[in-house]
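Happy to walk through this one with you. Let's take it question by question, with the model open beside us.

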Amino acid sequence: MIVVRNLEGRDAPQLLCDVCEQPITDGNMAAVVFKRSDESGEGATLHPLLYAHKGVCHRTAEQRLGGDEATGWIELYQHLLHLLKNCGLPAPELARLQGEHDRKFRDEDGSEWKL
Ligand SMILES: [Zn+2]
């Protein structure tokens with residue numbers, strides 16, 4: 001789940017594992033688990049997904065959504081790239097916006113932003 005947590009006086013978004021509810025801080029060690037469906041199109045049933053640390057949390061997420069046969073999973077970075085594209089923010093556009101963002105959120109002393 002995505003939450004906002006005050007870190008050093010800033011409202012910082014964080015991604016929590018939906019199983020253990022601890023922050024996901026190493027994106028390479030996280031997965032997105034979802035229930036598989038044969039339906040497609042606008043009228044298809046919407047299914048929840050779970051963000052999970054790889055390992056025990058990943059296996060627990062699969063069990064919560066019906067087990068290994070009923071679920072699929074994707075690397076977190078792939079999921080985020082697909083999500084951003086589907087929101088109209090493909091990677092090249094995001095890279096352009098990052099420059100604007102960095103200038104806006106950089107500390108007054110020029111140090112890197114901490115959001
Ligand atoms: Zn976890």
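Q: Which residues of helix α1 (residues 56–64) are buried?
A: A word first: this is a predicted model. A residue counts as buried if 20 or more other C-beta atoms lie within 10 Å of its own. In helix α1, the residues that meet this are C57, A61 and E62.

Q: Within what arc do the buried residues of α1 fall, seen down its axis?
A: The buried residues of α1 are C57, A61 and E62. An α-helix has 3.6 residues a turn, so residues three or four places apart point the same way. The buried residues of α1 line one face of the helix, because down its axis they fall within an arc of 140 degrees.

Q: Which strands are included in what covers the buried residues of α1?
A: Look at how the helix is placed: α1 lies across β3, β4 and β5, and runs at about 160 degrees to β4. The cover over its buried residues includes β3 (30–35), β4 (49–53) and β5 (71–75).

Q: In what order do the 3 strands of the open sheet stand?
A: Strands of a sheet pair through backbone hydrogen bonds, either parallel or antiparallel. Here the pairing is antiparallel. The order of the strands is β4-β3-β5.

Q: Which strands stand at the edges of the sheet?
A: The sheet is open, with the order β4-β3-β5. Two of its strands have a single partner strand each, so one side of each is left without a neighbour in the sheet. From one strand to the next, the twist averages 30 degrees. The edge strands are β4 and β5.

Q: Over how many bridges do β3 and β5 pair?
A: These two strands pair in the antiparallel sense. To find the pairing in your viewer, start from K35, which stands opposite T71 in β5. The number of bridges between β3 and β5 is 5.

Q: What angle does the direction of helix α2 (residues 76–86) make with that of β5?
A: Helix α2 packs on the sheet, where it touches β3 and β5. Its direction and that of β5 make an angle of about 85 degrees.

Q: Is L76 buried or exposed?
A: L76 lies in helix α2. Leaving out residues up to four places away in sequence, L76 touches G27, A30, A31 and V32. There are 21 other C-beta atoms within 10 Å of L76, and the cut-off is 20 or more, so L76 is buried.

Q: Which element gives the most residues to the largest nonpolar core?
A: In soluble globular proteins, nonpolar side chains tend to be buried together. The largest nonpolar core here has 13 residues, and those with the most contacts inside it include A30, V33, L50 and A61. β3, β4 and α1 are the elements that give two or more residues to this core. The one that gives the most, with 4 residues, is β3.

Q: Is V4 buried or exposed?
A: V4 is found in strand β1. Not counting residues up to four places away in sequence, V4 touches D11, A12 and P13. With 12 or fewer C-beta neighbours a residue is exposed. V4 has 10 of them inside 10 Å, so V4 counts as exposed.

Q: What is the phi of E8 near?
A: Most residues other than glycine have a negative phi, and most peptide bonds are trans. E8 has a positive value and sits in the loop between β1 (2–7) and β2 (10–15). E8 is exposed, with 6 other C-beta atoms within 10 Å. Its phi is near 55 degrees.

Q: Where is E21, which has a positive phi although it is not a glycine?
A: The phi of E21 is about 60 degrees. E21 is exposed, with 10 other C-beta atoms within 10 Å. Its place is in the loop between β2 and β3.

Q: What is the radius of gyration of the protein?
A: The protein has 3 helices and 5 strands, following the pattern β-β-β-β-α-β-α-α along the sequence. The globule rule gives 13 Å for 115 residues, and the protein's value is well over this, so the protein is more spread out than a compact globule. Its C-alpha atoms fill a box of roughly 55 × 30 × 20 Å along the principal axes. The radius of gyration is 17 Å.

Methods. Residues are numbered from 1 along each chain as its sequence is written. This is a predicted model: local features need pLDDT of at least 70, side-chain atom pairs count only at pLDDT 80 or more; totals for chains, interfaces and linings use all residues. The arc is that of the directions from the helix axis to the C-beta atoms. Two residues are in contact if their C-beta atoms, placed from the backbone, lie within 7 Å. Two strands pair if DSSP finds at least two bridges between them. Axes are lines fitted to C-alpha atoms, for helices over the stretch in contact, and angles run from 0 to 180 degrees between N-to-C directions. The radius of gyration is taken over C-alpha atoms; the globule rule is 2.2 Å times the number of residues to the power 0.38. A nonpolar core is a set of buried Ala, Val, Leu, Ile, Met, Phe, Trp, Tyr and Cys residues joined through C-beta atoms within 7 Å.
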